[in-house]
Amino acid sequence: MKRSLSFQAFRAVMLVLFAAFFALPLVAMLDFSTKVPATGERTWADWGLLVRDEALRQSIVTSLILAVLTAVVMVILLVPTMIWVRLRVPGASRLIEFLCLLPLAIPALVIVVGIKNVMAWVSYFVGDTPLALTLPYVILVLPFAYRSIDAALAAIDVRTLSEAARSLGASWLTVFARIVLPNIMTGVLSAATITVALVLGEFTFASLLNYLTMPVQLAAIYKVEARAAVAGALASILLVALLLLVLSYISRDRRTKKGSAA
Amino acid sequence: MTETARSGNGVAVELTDLTRVYGPVRALDGLTLHIAPGELVALLGPSGCGKTTALRILAGLDAATSGSVSVAGKDLTGVPASKRDMGMVFQAYSLFPHMTVLENVAFGLKMRGQDRSARNGRATEMLELVGLSEHGNRYAHQLSGGQQQRVALARALAVQPSVLLLDEPLSALDAKVRAQLRDEIRRVQLEVGITTLFVTHDQEEALAVADRVGVMNQGRLEQIAAPAELYDNPTTRFVAEFVGLNNKMPATVTDGSAVVLGTPVPVIEGSLASGAGLAMVRPESLILTTDSTAHTNASVVSVNFLGSISRVYLDMSDGERLMAQVASAVAIRLAPGDRVGVTVEPNPVLVIAG
Amino acid sequence: MAVDQPAVTTKAGTGRRFSVGPSLALLPFLAYVAVFLLVPTVTVVLGGFFEDGRFSLSNLRTLGSATVLHATWNSIVLSASTALIGATLGALLTYLILAGNPHGLLRRATVSVCGVLAQFGGVTLAFAWMVTVGPNGLLTVLLSDALGKDTFGGSGWLYDMPGLILVYTYFQIPLMVIVFVPAVEGLRPQWREAATNLGASTWRYWREVGVPVLTPPFLASALLLFANAFAAYATAAVLVSQGQPILPLMIRAALTSEVVLGQQNLAFALALEMVVVVTVVMLVYNWYLKRTARWLQ
């Protein structure tokens with residue numbers, strides 16, 4: 001049905017207003033981080049601080065490693081479990097779903113308040129490294145990762161595929177690694193990307209447990225090196241946006257490939 | 001009492017030279033159709049033939065690129081869909097999910113400003129008409145597909161529209177429900193006497209319910225005629241192939257008569273004028289002779305039992321494959337490999353260029 | 001005919017019922033979740049009932065004190081207002097986005113952007129607004145240059161409730177879009193067409209069909225937004241360095257306090273309060289969602 005002209009105009013105006021609202025702070029961040037207040041000149045000097053400053057660089061590296069590590073642990077922990085549940089223990093699926101979505105109902109702040117003893121025990125084993133944050137971080141990303149992988153599993157009818165493969169003589173390992181996993185890659189990648197996005201911005205756990213990740217460091221230096229701090233924040237969100245862009249490109253690519261092969 | 005029963009106060013509908021173009025696609029190409037008062041015309045054709053486009057233009061949900069629509073002599077160009085006084089039944093999912101069945105049926109009356117008791121009374125009448133009077137307080141998701149469509153029909157008729165439009169109303173239903181509901185729709189339509197346009201891709205449906213069937217292809221009306229006429233005397237190749245099943249058999253035409261399997265049969269208008277061509281012969285027009293003394297020209301490949309009739313697949317001596325439809329009592333005596341004699345009944349056939 | 005062979009038995013647990021063998025493979029996952037999620041949660045829930053190692057209700061009583069009630073009230077106001085604003089504007093934005101070409105670029109781009117913006121939190125979001133409407137913010141400077149007087153800079157409003165409401169809205173709206181899109185997509189075009197055919201104008205369609213059908217998912221999404229805001233910590237933590245206007249910041253104070261020793265258990269009690277509120281809201285959300293899902297089959 002055709003939309004009236006007044007509606008089209010209204011829509012355009014509203015979308016522009018919304019776009020302005022969301023773009024404004026980002027523009028302000030770019031402006032702030034590249035401007036010398038005294039002269040109003042443009043400079044990228046403070047962006048350079050992100051690599052030149054020892055402590056800052058270290059915290060960025062820590063966050064990046066943490067992000068990748070969390071994604072890896074999440075995949076190792078969650079993907080086999082979810083596939084296993086679908087194939088061998090379907091009765092447990094509700095329990096697993098409940099546990100994975102539980103972190104949505106329990107605020108991160110609450111978890112961190114109660115996790116001190118557990119983390120003390122962990123650092124006893126692995127030392128006082130920020131990478132210990134990987135363990136609670138996996139819990140934080142569970143809901144998003146679960147949804148992503150679950151959707152991918154649901155879309156390919158895992159049971160039928162695995163039964164077909166088994167009837168042709170495949171072992172469970174083959175089914176897992178060569179039948180199921182390749183077909184849920186998009187879901188797994190999506191889960192990994194969300195994980196990275198979440199970890200790069202995570203502040204609650206890191207700050208209250210006193211680990212120097214990038215967000216914590218940025219917040220700490222704001223009073224001293226405001227422009228560098230803002231630059232770091234903007235850089236992290238741009239990185240996340242880039243990751244999501246690449247992901248959407250990959251998943252669209254796979255979708256069209258599947259479609260044409262059908 | 002309902003004042004619409006058998007009132008015969010339907011109106012005439014005219015579609016004149018309707019064309020609808022989307023970029024390079026001509027969804028409708030000069031469609032002209034006249035529907036007499038109280039008549040049920042079915043538009044039949046494959047998907048993309050333009051039948052639904054024509055219906056939606058009539059309803060006002062789409063606009064024609066050129067051509068006009070008039071109802072009861074009044075031109076409807078420029079009249080918005082909400083003011084066209086037509087009832088429409090969609091293929092599926094059209095009942096409002098948050099309203100009860102009764103509220104759904106009463107909706108059009110509410111739009112026309114009737115007060116609650118008046119519209120609920122009328123809605124109840126309509127539910128009786130379609131046989132769902134005990135379901136007034138239920139919700140759409142609690143009803144079966146067939147029941148939902150009956151409610152949709154009641155809702156469309158509640159406002160006493162001048163025209164009833166049905167957009168593939170049975171396509172989303174199970175086979176058995178489809179047959180029951182189709183008869184139901186026809187019964188109600190006759191009782192109310194409303195001019196109706198019924199769009200479908202299922203020829204059995206079209207032939208069963210309509211006063212006239214219009215076969216459409218690529219935006220054009222190929223032929224419009226009463227069901228039996230359409231079936232027996234197709235005037236174009238498309239209609240002959242689309243409606244009913246056909247065997248294409250070699251035939252030679254001379255002087256308005258074709259010789260098929262040794263039998264001369266009259267040719268239908270629109271056939272090849274002379275020379276060799278293909279005759280379109282219905283499976284039920286083939287006669288099988290199992291008498292062992294007679295001349296045989298075919299052997300049985302397989303027999304498909306379909307209930308009261310069976311389909312017998314035959315290999316002819318000249319290598320052609322034919323399909324005959326016979327009573328199961330006859331077919332039951334045949335086995336693959338049997339030799340039979342095949343001839344045709346002397347019904348008129350359409351002969352097309354080979 | 002083949003001789004009847006005894007059925008080949010495979011490893012235990014290929015049936016559909018519960019059997020021990022395959023379930024063991026789930027232990028690593030279950031253990032992990034138990035240690036890093038359930039243990040901390042139980043610690044918090046129980047911890048509020050203890051003081052100095054002994055069972056005590058003193059911490060729970062503190063929840064009724066003026067300062068805690070004030071912070072709780074502020075948290076509720078913050079969450080409710082940003083939930084309503086976010087839900088309303090988010091619903092509007094959702095409709096505007098979906099009103100266009102379903103396969104168009106705008107649609108896909110906006111939904112992806114919303115995915116990014118909903119993740120915006122903590123440090124990044126706080127900084128973003130500090131440099132926009134803070135004392136030397138872009139907008140502050142532009143407006144004071146244009147209007148000749150200082151509209152934003154002075155009062156430090158950004159670092160208190162009004163600021164929090166503005167900043168929270170920035171991630172509530174995209175979250176609403178993400179959650180509400182399925183509901184709006186569930187509005188079948190046939191309903192609009194049927195309503196029009198039966199004589200409804202655009203206004204009446206929305207009033208009789210559109211809005212009533214969308215209201216339950218709208219309210220459910222608003223509940224989700226409420227829980228999201230109530231539980232949020234990072235953004236407020238970076239924006240507000242002095243004072244504890246809302247509950248999460250009060251928890252921070254209790255955890256990091258050097259002034260009053262033994263505030264750990266108070267933190268547990270406050271966290272317990274937070275968990276109770278969020279859990280109740282999520283339960284209502286879940287129940288409401290299940291109830292209305294039936295309609296949009």
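Two strands count as paired if DSSP finds at least two bridges between them. Helices (H or I, at least four residues) and strands (E, at least two) are themselves DSSP runs, numbered from the N terminus. What follows describes a predicted model, in which local features need pLDDT of at least 70 and side-chain atom pairs count only at pLDDT 80 or more, while totals for chains, interfaces and linings use all residues. Residues are numbered from 1 along each chain as its sequence is written, chains are lettered from A and ligands numbered from 1 in the order in which they are written, and side-chain values use heavy atoms, with hydrogens and water left out.

Chain B is a good place to start, with its sheets. One open sheet is built from six strands in the order β6-β7-β8-β3-β9-β10, with mixed pairing. Its edges are held by β6 (86–89) and β10 (220–225) of chain B, each of which has a single partner strand, so one side of each is left without a neighbour in the sheet. On average, neighbouring strands here are turned by 20° against each other, direction ignored (axes are lines fitted to C-alpha atoms, for helices over the stretch in contact, and angles run from 0 to 180 degrees between N-to-C directions). Inside this order, strand β3 (residues 40–44) of chain B runs parallel to strand β8 (residues 195–200) of chain B, and five bridges link the pair. Along that pairing, B:Leu40 sits opposite B:Thr196 of β8(B).

A second open sheet in chain B has five strands, ordered β13-β12-β11-β14-β20, and this time the pairing is antiparallel. At its edges lie β13 (263–266) and β20 (350–353) of chain B, each pairing on one side only. The twist from one strand to the next averages 45°. Strand β14 (residues 275–281) of chain B is joined to β20(B) by four bridges in the antiparallel sense, and B:Leu278 faces B:Ile352 in β20(B).

Then there are the hairpins. Strand β1 (residues 13–22) and strand β2 (residues 25–35) of chain B run antiparallel and share eight bridges, with B:Leu15 placed opposite B:Leu33 in β2(B). Two residues lie between β1(B) and β2(B) in this hairpin, and B:Gly23 in the turn has a positive phi of about 55°. Strand β1 also carries one end of a salt bridge, namely a side-chain nitrogen of Lys or Arg within 4 Å of a carboxyl oxygen of Asp or Glu. The side chains involved are B:Arg20 and B:Asp62, at 3.0 Å from N to O. This pair ties together distant parts of the chain: B:Arg20 belongs to β1 of chain B, whereas B:Asp62 is in the loop between α1 (51–59) and β4 (66–71) of chain B, 42 residues apart. Over all chains, the structure holds 24 salt bridges.

Another hairpin pairs strand β16 (residues 298–305) of chain B with strand β17 (residues 309–316) of chain B, antiparallel over seven bridges. Here B:Ser302 has B:Tyr313 in β17(B) as its bridge partner. Three residues separate the strands β16(B) and β17(B), and B:Gly307 takes a positive phi near 115° in this hairpin. β16(B) also runs antiparallel to strand β19 (residues 339–344) of chain B, through two bridges, and B:Ser299 stands across from B:Arg339 in β19(B).

Chain A is a helical affair, with 13 helices and zero strands. Its C-alpha atoms fill a box of roughly 75 × 65 × 30 Å along the principal axes.

What does chain A bring to its contact with chain C, and what does chain C bring? With contact meaning heavy atoms within 4.5 Å, chain A supplies 71 residues and chain C supplies 73 residues. About 6,400 Å² is buried between chain A and chain C, 80% of it from carbon and sulfur atoms; buried area is the accessible area (1.4 Å probe) that two parts lose on being put together, summed over both. Helix α1 (residues 5–33) of chain A gives the most to the side of chain A that touches chain C, with 16 residues. That side of chain A divides into 58 nonpolar, six polar and seven charged residues. In this count, Ala, Val, Leu, Ile, Met, Phe, Trp, Tyr, Cys and Pro are nonpolar, Asp, Glu, Lys and Arg are charged, and the others, Gly among them, are polar. Between chain A and chain C the count of salt bridges is zero.
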